[in-house]
Amino acid sequence: MTIPTGNALYFDGVTSARHKVTVELAPHALVIRAADGSMIEEWPYPRLKHLSAPDHVFRIGLRRHPLLARLEIGDTAFAHEIDLLAPDIDRTGASARRDRRQAIVWACLAAVALVLSAIYGVPHIADRLGPVVPRGFEQRVGVATNAQVRAMLDKGPASRPFECGVADVEKAGQAALNKLIAQLEAAADIRTPLTVAVVRRAEANAIALPGGYVYVFQGLIDKADNVDELAAVIAHEIGHVANRDGMRAVLQGAGLSFLFGMMLGDFVGGGAVVLAAKTILQSAYSRDVESAADRFGVRVMLTLGADARALGRFLERIAGKAPESFGVLLEHPAAKERAAAINAIAPPQSRGVRLLEPAEWAALKRICAGYRT
Ligand SMILES: [Zn+2]
């Protein structure tokens with residue numbers, strides 16, 4: 001049996017680039033392949049949806065696609081074949097009507113929000129909206145922002161993976177990290193599931209994105225003297241996730257047009273995502289936001305019975321020694337103040353709980369050892 005194949009343009013939903021691809025109509029799904037034959041994505045027929053487009057273009061997307069990728073097919077005969085295979089490609093118009101209703105609701109909300117932001121200013125509105133943004137939506141923003149942030153941070157050669165913990169010599173380190181994260185996640189007890197990764201960046205830093213993505217840079221692991229210091233930094237970042245600071249920053253930085261563009265599903269080109277990712281990487285949080293995350297981190301460390309003063313100590317030790325950073329963790333002038341505030345609420349360590357065994361900590365220190373940075 002030959003599989004029907006045709007040409008299409010593919011938009012990945014992150015960048016505005018158009019990719020020439022071939023599309024195979026395999027029995028189970030539509031398979032999208034790059035020019036070199038490698039598979040980009042598989043789209044199951046039941047989830048295909050028709051997207052509005054100019055008359056001569058057949059444009060389809062995938063329901064619940066995190067990045068809102070889309071395909072454009074110029075060949076009418078091939079488009080018709082896809083149409084026949086996809087049970088749900090809107091023959092009744094029901095989903096189009098539902099989309100339109102949703103769009104009208106959001107358009108009304110957008111109008112209200114725009115008026116309010118004209119009166120009160122965007123930062124104020126973003127502050128108010130941040131906590132009420134639906135979790136599912138934050139998740140979508142997180143997935144999209146995450147892809148973009150990774151692309152911006154990963155400056156190494158393509159031959160080595162951006163994430164640590166994948167090479168054979170790194171696997172014990174990854175296991176230790178998983179053990180540590182499991183303890184922190186249980187103690188933090190937040191609703192957003194965490195995705196924590198160590199990545200090959202030399203700065204001593206960590207960042208949290210909307211949707212529970214936390215990146216710990218290799219430089220931070222290098223600088224940490226013991227597991228409590230590392231745990232305390234991650235606990236602080238979990239505080240940002242719990243307080244939804246990343247979501248608020250994206251709303252402030254990328255503006256309300258981003259928010260409503262995404263809600264309407266009209267996330268075209270990726271300009272808004274690029275802006276959102278830049279916001280996350282470049283904006284420093286206010287003192288208040290940082291203190292709130294510090295307090296959250298202290299609570300987590302106390303719940304674990306670990307050293308709740310570790311973050312303050314770590315900040316004081318490395319502040320000023322890092323010439324360049326994203327500013328989120330290491331706002332230099334604030335390090336002393338933050339340490340004092342932490343010590344004020346954290347009793348000196350009384351019972352030393354072991355978050356990791358010494359051998360596990362040693363392995364974690366080598367979680368990026370498989371590749372040279
Ligand atoms: Zn922070």
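**Strands and surroundings of Ala197**

Colleague: Happy to look at this with you! How many C-beta neighbours inside 10 Å does Ala197 have, to count as partly exposed?

Modeller: Ala197 is partly exposed because its count falls between the two cut-offs, buried being 20 or more other C-beta atoms within 10 Å and exposed 12 or fewer, with C-beta atoms placed from the backbone. Do note that this is a predicted model: local features need pLDDT of at least 70, side-chain atom pairs count only at pLDDT 80 or more, and totals for chains, interfaces and linings use all residues. Residues are numbered from 1 along each chain as its sequence is written. The number for Ala197 inside 10 Å is 17.

Colleague: Which residues is Ala197 in contact with, leaving aside neighbours within four places in sequence?

Modeller: Ala197 sits in strand E8, a strand being a DSSP run of E with at least two residues, numbered from the N terminus. Contact here requires C-beta atoms, placed from the backbone, within 7 Å. Beyond those sequence neighbours, the contacts of Ala197 are Glu163 and Tyr215.

Colleague: Nice. In what order do the three strands of the open sheet that includes E8 lie?

Modeller: E8 (195–199) and E9 (206–208) are the edge strands, each pairing on one side only, where pairing takes at least two DSSP bridges. E9 runs antiparallel to E10 (213–217), joined by three bridges. The sheet has mixed pairing, and its order is E8-E10-E9.

Colleague: And which residue in E10 is the bridge partner of Ala208?

Modeller: Three bridges join E9 to E10. In E10, the partner of Ala208 is Val214.

Terms used:
Helices (H or I, at least four residues) and strands (E, at least two) are DSSP runs, numbered from the N terminus. Two residues are in contact if their C-beta atoms, placed from the backbone, lie within 7 Å.
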